[in-house]
Amino acid sequence: MSLAFDDYGRPYIILRDQGQKKRMKGLEAYKSNILAAKAVANTLSSSLGPKGMDKMLVSPDGDVSVTNDGATIVEKMEIQHPTAKLLVELSQSQDAEIGDGTTGVVVLAGKLLEQALTLLDKGIHPLKISDGFDRACDVAIKHLETISEEIDIQANDNEALVQAACTALGSKVVSKRKRELGKIAVTAVLDVADLARRDVNLDLIKIQTKTGGSVEDTRLISGILIDKDMSHPQMPKEVKDAKICLLTCPFEPPKPKTKHNINISSADDYKKLYLQEQQYFVDMVKLVKNSGANIALCQWGFDDEANHLLLQNELPAVRWVSGTDVELIAMATGARIIPRFQEITPEKLGKAGCVKEVQFGTSNERMLVIENCQCTKAVTILIRGGSQMIVDEAKRSIHDAICVIRNLIKDNRIVYGGGSAELACAIQVLQYADEVSSVEQYAIRSFADALEGIPCCLADNCGLNPITSVAQAKALQLKENNPRIGIDCMELGTIDMKEQRIYETLSSKKQQIQLATQVVKMILKIDDVIAPDDY
Amino acid sequence: MSQFLQPTILLLREGTDTSQGRAQIVSNINAVQAVADVVKSTLGPRGMDKMIQTGPKVTISNDGATILNLLEVVHPAARVLVDIAKSQDDEVGDGTTSTTLLAAELLKEAKPFIEEGIHPQIVIQGYRKALELALEKLEGFSINISKDSIESKRDTLIKCAQTALNSKLLANTKQFFSELVVSAVEKLDPNILDRDLIGIKNVTGGNITDSFLVDGVAFKKTFSYAGFEQQPKRFENPKICLLNLELELKSEKENAEIRIEKPEEYQSIVDAEWALIYEKLEIIVKAGAQIVLSKLPIGDLATQYFADRNIFCAGRVAQEDLLRVQKATGGQVQTTVNGLNPETFGTCGLFEEVQVGAERYNLFKNCPQSRTATIVLRGGAEQFIQEAERSLNDAIMIVRRCFKANKIVAGGGAIELEISRFLRHYARSVTGKTQYIVNSFAKALEVIPRTIAENAGLNSIEIMNKLRQKHAQGGEEGRWYGVDINGASGVCDTHQSFVWEPTLVKRNALCSATEAACAILSIDETVKNPKSDQDTKMKPKGQPGRPPMGMRR
């Protein structure tokens, strides 16, 4: 790019490496940005809804993943284009904040940009468009709040939560088992939720995967599952009424941190040293034993010598337990983490009903389950499935469901899914558009069209005729003044989403519309792109 | 330059580029113009953003200084523009685009004079004279707010912050953010107004209006060791101990070596090391601390020790965060725990660890000696928040300045036009070439309202004529007419529509733009060493100005 030329037509060298930079200005810049972003949105649009399709993504090192989760797809696509990257971040921030609706937000942004493109062709100033979108967004959000319904999350055995989880799981590969998985997710969240503060620390829910078996075998362990086994094969496989000793020091003679040397001058001394070491092991085991512990979990490894001694003393032990697991176990069993043997006291031990080793299928892999912990503050969901891909996808799906439940605990207002909420907002925004006298009217109307794009896309993915079904739903919404009419994706014969029990959280829908509008506004404000020439 | 018959005298190293004379000045002016054109479209409430990709990083910005900096300008004359934008940014924080535009416009006006053979020094003199008069008038026109009551002063500050945010991505939520910014600045010590004490933290996710102000300090949960989750996460009126101390089991001296003779002594060394760390921890616990923050790591041992005693701890707290906690809570950072005095502990109304988006944040709220505030920004994409941060930074600087200076003028090009009118009037009273030059200065000032109008897609010629007419009425009535981007007529009294800016911004912009223009006008020769090109390439990016090592021959 050259910014200016002198009288002889030679370019001024103004910028560093200016020969290798490219510049796009004005309409060209808007269009190229919008097209790039739309391309991303188009990729995702077929994944939307209960009949959405999955994507298969192959990473640079050949790992294959199959997923339906918007945030995961765009992340693994490794998008280079700067504007398209904005959409990736959009999806990820929806993921971070809400955890669900990551596909919807990108599709909506894509629809908005598509509308913006036609408006730009009409010659409307991009900032007028974004002003219009902004006003429309406010109207839509307000309307969402009026049509939202508060639900009692605890009523009827947490039925509402289960339904919401089912909606989130409905579009995933595990949808056949959505009821069971939904229940598991609800129980898991409620176990760790702090209902008084309406806060859920998701770190306390551990999701462990194991290939083999089928998705039905997925279960909730009210306790912790760690991918470790007893340090010695002859140790007992099950410990009832376990008193757990959590150690963060190795079963080894202690080493000073300061650099040290041991100079041995005689054979006697050598023997002494050997005995001293032996003594250490004996003492350590004794200390653990004396405290009343009947199982020791250690963050570090231990000597074979120590292992042998532990076996002799009938003290089952587990080595190399990771730091996060140690913390989770401490939380669940009420144990205190013990940094050195001298400090072991009976009060610091954690209590659990049962610690046992379980084996899966015919494989030799074993895992350790800690169940019936004293204070079940941590839970584990063990996901089983036919292949690694299924298991991974199931993990992502359950994560989505857990997030939805968490959001409902935080804010128990819901809207109905199946595109009904979007349609209701579109109708409201369209009405509002007629009241605006300035150029923004066009933009507001386009916003309504973009919102209608979501049910359209849903219908399309379900193999319905998008235009007929959306038109039908819209007409019915207007006629009956019922914001719960949506698209009958599952072909259950009713288009009232309340009857179909398709619940979505208000916070997720609100966030989707707001975030999408925000990013679209940002893209529309860029009129100049300066970038290296090579992309 | 024709040296056909004369023997060549080699004065400079071969390849040295020397250009000189009038052509050089004109060529410099052209280069400056080109750079100013890049930022031109960002001015005003309808200004657009630029997206600049440098390496893998993409920046989207509306801030003149940021854009110019990212452009990596190498042209020596054009670099002057980058420098004044930067100095405006450092000094007042806002008005960087208008400074750049003004400087370029002054040069553009000077170009015909130079081409016609007027000596550059005369132009410079004229500009200096005009500047002097302009500044005088600027002071005269500005409205003093120092006598106003506190409420109306706060109101004025909010208006100023809104004006600064007008052209940014946050324009639609300017009401919300201007109040946020003013509340944040009000928290500071009014005598110093240290900018560093307002922290801005970015958390992606959430809507932009979910951003909030913490009356105190907020920072992201630091790296924690096992046992951290067992610590309490909420305190009321806690005692906060601030340390610059490593709390880990470690060797006391780096190169120490221990020789022991008997195996029994071995245990004593181990015990001694443990005793050292336990001693430290015990002192802290005994002193009654409930929250322990350290700039250096707090190891797993200490984490668990504190967890056992219901104490919250966080290691590796960033320097600036620790400083803010210190200011907010009234505590003092200790470098040793020997003789730890509970009086050095700070306190705050409420400490809490909360989830913000995907991150966990430590919040210290309701601090008694609060001289600090933290803004937690939320938004959809990383770039969005970064730009929001830059915009808020501008607003904060403006409010700070306004707090101190107490004088404001109306924006939207109104003050520039008023000064321009005055200068035109004045020009008629001088004889000689200066008349032309003062006139040009006056004309150059019009670039601000003209560009605002152009960017908003208005007919700039029509608007300018309307504005000139209003201002020509003289007196109070037409004084504050500026560009109105919303109304049908395109002009309005910007003072009444609350487009206010601190006088200082304008003052600094006028001064530095004129200085820059004069500097460029007075250059009539560039001697460019061929190596200087390579040097700039060799320099690592992001460290301009540092001489490359090992390049001297």
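**Inside or out?**

Are B:Y127 and B:F441 buried or exposed? In this predicted model, B:Y127 is buried, and B:F441 is too.

These two also face each other as a ring pair. Their ring centres sit 5.7 Å apart with the planes at 65°, and since planes over 60 degrees apart count as edge-to-face, that's the label this pair gets. The contact ties together distant parts of the chain: B:Y127 belongs to helix α5 (residues 120–141) of chain B, while B:F441 belongs to helix α13 (residues 434–445) of chain B, 314 residues apart.

**Other aromatic contacts**

Take B:F498 and B:W500 next. With ring centres 5.4 Å apart and planes at 70°, this pair is edge-to-face. As for cover, B:W500 has a relative accessible area of 11%, so this residue is buried. B:F498 comes in at 39% relative accessibility and therefore counts as partly exposed, because partly exposed runs between 20% and 50%.

Chain B has an aromatic cluster as well, built from B:F219, B:F228, B:F235, B:F312, B:F351 and B:F364. Over all chains, the tally is 15 aromatic pairs.

**A negative patch on chain A**

Now for some charge. Which residues gather in a patch of negative charge on the surface? They are A:E277, A:D303, A:D304 and A:E305.

One of them, A:E277, lies in helix α8 (residues 267–290) of chain A. A:E277 has 36% relative accessibility, so this residue counts as partly exposed. That value also fits the patch rule, because patch members need over 30% relative accessible area.

Note on methods: Residues are numbered from 1 along each chain as its sequence is written. Chains are lettered from A and ligands numbered from 1 in the order in which they are written. This is a predicted model: local features need pLDDT of at least 70, side-chain atom pairs count only at pLDDT 80 or more; totals for chains, interfaces and linings use all residues. Side-chain values use heavy atoms; hydrogens and water are left out. Patches are made of residues with over 30% relative accessible area and no salt bridge: like charges are joined within 9 Å, nonpolar side chains (Val, Leu, Ile, Met, Phe, Trp, Tyr) within 5 Å. Accessible areas come from the Shrake-Rupley method with a 1.4 Å probe; for residues, only the protein chains shown count as cover. A salt bridge is a side-chain nitrogen of Lys or Arg within 4 Å of a carboxyl oxygen of Asp or Glu. Lys and Arg count as positive and Asp and Glu as negative; His and the chain ends are not counted. The place of a charge is taken as NZ of Lys, CZ of Arg, CG of Asp or CD of Glu. Helices (H or I, at least four residues) and strands (E, at least two) are DSSP runs, numbered from the N terminus. Buried means under 20% relative accessible area, exposed over 50%, partly exposed in between (1.4 Å probe, protein chains only). Rings of Phe, Tyr and Trp (its six-membered ring) pair if their centres lie within 6.5 Å; planes under 30 degrees apart count as stacked, over 60 as edge-to-face and the rest as tilted.
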